Amino acid sequence: MDTVNQEKDASHSVKTDRQFRTQVGVVGAGPAGLVLALLLQQAGIACIVLDRQTREYVETRARAGFLEHRIVEFLRRNGFSKGLDLRGVQHTTCEFRLEGRQYIVPYGDMAGCAHTVYPQQFVVSDLIELFIARGGTILFSHPVVKIEGLEDDKAVIHCHAQNNIDHSPVVKQVECDFIAGCDGFHGIARASIPPDRFSAVTRQYGIGWLALLAEVPSSTERVIYALHESGFAGQMPRTPQVTRFYLECSPQDKESDWPEERIWHELRKRMAVNSNDGDRSGNDELVPGKLIERRVLDMRSVVTETMQYGNLFLAGDAAHIITPVGAKGMNLAIADSEFLAEAFITYYREGDGTHLSKYTETRLPHVWQTIEFSDWMLRLIHNLDESGSRTFSDRLRRARLERLCGQGDYANTFAANYVGK
Ligand SMILES: Cc1cc2nc3c(=O)[nH]c(=O)nc-3n(C[C@H](O)[C@H](O)[C@H](O)COP(=O)(O)OP(=O)(O)OC[C@H]3O[C@@H](n4cnc5c(N)ncnc54)[C@H](O)[C@@H]3O)c2cc1C
């Protein structure tokens, strides 16, 4: 690869009102795209971010909430953590429930560090504010419709926009050296790789989760994973007023199959603890609240093994989706961008494209290790019944929970993986 001169002072040069030129075109203003853009901006590398949604939409889209220790440290090191340092809440304990018994795991004490709970929409909003305040350009409401020139010196992003005066549709083009595809699993970037050069590996678990957000304080300060014969139920604090709940269901279920009364009944039933057990927190206190999100997720993980094609690099959900079990998706997206930014910086500063050309090779082992953890944990909290005997599977799950509550290597390994040490 040739070295390209830096455009140090601007994120782009405007050729016409419909044509831009930049060094890295970033498609997608989610955690992956924004972290990458900020790191490039800090290094004086020109970039433009494009997102098909409005700013308001991306800043209010509630999804993840748990930030790993190493990701918080990374954001802090780079000066991106002001909001989460002010409003994030540290979590060090989780609780599993099986057959009414509580298994409390102080993973933070074991690993010597904590999760920070800070909702994804706050992370995104903070990053957008910082990038724009530092002079960055984000073109919101600009859906990318075509990407071309991936094998040439000059890649081109084509996007749609509206004329400011008469709101008529216009097509804009961004020429760039590289494109970072940070546009999620259904975005255009991964779909632009020719099918004969594209490779992805998928696991479909045949399980659904009804994902809920409720305007109600969490009944306990810790995360609860309840393993019940009717299926898994989970409770995860998000903010003092909002809690995320999950209920295992069929992936074919519709949201309309789950009226409010059924939801709260199932949550109470699946999360119940034995009345003669000591710590009953989280049982009696589970009070219904207004449901502000209700959607069925299909539990699956997909790893795109072609994270780079020509001058296109995929990061975050565009490259891999991981089930929400273990809360790793946003963390993995940010970790991709950390590595990708380093590779771009080495290229532009030193003319050395080795890290860029090894992007896939370097990231895939970490991606697979994260998928492995999520898969292990998914098998812990669901009865997948692969042995043909639910009882056998339940006994195994109980044995695993007992080991997690012990002090040995098994528990320590879980703690380090879970918290992202
Ligand atoms: C219910 C739920 C709970 C979750 N909980 C957790 C958790 O606790 N911890 C965790 O780490 N992860 C969690 N995740 C996963 C996490 O939300 C994702 O992994 C994360 O959003 C990935 O970030 P990203 O930047 O790669 O993609 P995204 O956040 O999806 O951002 C992609 C952006 O690209 C834009 N885009 C798409 N197509 C185009 C186009 N054609 N043109 C322009 N822009 C486009 C989109 O509008 C979007 O803004 C959860 C996910 C869900 C659904």
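# Questions on strands, cores and cysteines

Biologist: Which residues does Lys 172 touch, not counting residues up to four places away in sequence?
Modeller: This is a predicted model, and the contacts of Lys 172 are computed from it. Lys 172 is found in strand E12, which covers residues 169-181. Not counting residues up to four places away in sequence, Lys 172 touches Asp 17, Arg 18, Phe 20, His 142, Ile 157, His 158, Cys 159 and Ala 161.

Biologist: Is Lys 172 buried or exposed?
Modeller: The cut-off for buried is under 20% relative accessible area. Lys 172 has 14% relative accessibility, so Lys 172 counts as buried.

Biologist: With which side chain does the side chain of Lys 172 make a polar contact?
Modeller: His 142 is one of the residues that Lys 172 touches. The two side chains make a polar contact at 3.1 Å, and the partner of Lys 172 is therefore named by that pair: His 142.

Biologist: How many of the 13 residues of E12 are buried?
Modeller: E12 has partners in strand E2 (residues 19-27), which pairs with it in the parallel sense over eight bridges, and in strand E11 (residues 155-162), which pairs with it in the antiparallel sense over eight bridges. Strand E19 (residues 312-314) runs parallel to E12 and is joined to it by three bridges. E12 is largely enclosed by the rest of the structure, because the buried residues number 10 of the 13.

Biologist: Which residue stands opposite Val 26 in E12?
Modeller: Several bridge positions along E12 can be named. Ile 157 has Val 174 as its bridge partner in E12, and Gly 181 stands opposite Leu 314 in E19. Opposite Val 26 in E12 stands Ala 180.

Biologist: Which residue takes a positive phi in the hairpin of E11 and E12?
Modeller: E11 and E12 pair in the antiparallel sense. Their hairpin has six residues between the strands, and the one with a positive phi near 60 degrees is His 167.

Biologist: Which helix gives the most to the largest nonpolar core?
Modeller: The largest nonpolar core has 79 residues, and Val 24, Leu 36, Leu 67, Ile 179, Leu 340 and Phe 344 have the most contacts inside it. The greatest contribution to this core, 13 residues, comes from the helix covering residues 329-350, H8.

Biologist: How many residues are in the second, separate core?
Modeller: Phe 344, in the largest core, is in contact with residues including Val 24, Leu 36, Phe 178 and Phe 313. The second core is separate and includes Trp 209, Met 236, Met 377 and Phe 414; its size is 34 residues.

Biologist: Why is Cys 47 without a bond to the closest cysteine sulfur?
Modeller: The structure holds zero disulfides. Cys 47 is buried, with a relative accessible area of 1%. A disulfide needs sulfur atoms within 2.5 Å, and the closest cysteine sulfur, in Cys 182, is too far for a bond because the distance is 10 Å.

Biologist: Which strands stand at the edges of the eight-strand open sheet?
Modeller: The sheet has the order E7-E6-E14-E15-E16-E13-E17-E20, with mixed pairing. An edge strand here has a single partner strand, so one side of it is left without a neighbour in the sheet; these strands are E7 and E20.

Biologist: Which residue in E7 is the bridge partner of Phe 96?
Modeller: Strand E6 (residues 94-98) and strand E7 (residues 101-105) run antiparallel and are joined by five bridges. Their hairpin has two residues between the strands, and Glu 99 takes a positive phi near 50 degrees there. The bridge partner of Phe 96 in E7 is Tyr 103.

Biologist: Over how many bridges do E13 and E17 pair?
Modeller: Arg 203 stands opposite Ser 301 in E17. E17 is also joined to E20 by two bridges, with Val 303 and His 320 as bridge partners. The pairing of E13 and E17 is antiparallel, and its bridges number 13.

Biologist: At about what angle does helix H7 run to E16?
Modeller: Helix H12 (residues 409-419) lies across E6, E7 and E14, running at about 120 degrees to E6. Helix H7 (residues 260-271) lies across E6, E13, E14, E15, E16 and E17, and its angle to E16 is about 85 degrees.

Terms used: Residues numbered from 1 in each chain as written. Predicted model: local features only at pLDDT ≥ 70, side-chain atom pairs only at ≥ 80, totals over all residues. Heavy atoms only, no water. Pairing = 2+ DSSP bridges. Helix = DSSP H or I, 4+ residues; strand = E, 2+ residues; numbered from the N terminus. Buried < 20%, exposed > 50% of the residue type's maximum accessible area, 1.4 Å probe, protein only. Polar contact = N/O pair within 3.5 Å; in protein donor to acceptor, adjacent residues only side chain to side chain. Contact = heavy atoms within 4.5 Å. Core = buried A, V, L, I, M, F, W, Y, C linked by side-chain atoms within 4.5 Å. Axes fitted to C-alpha atoms, helices over the stretch in contact; angles between N-to-C directions.
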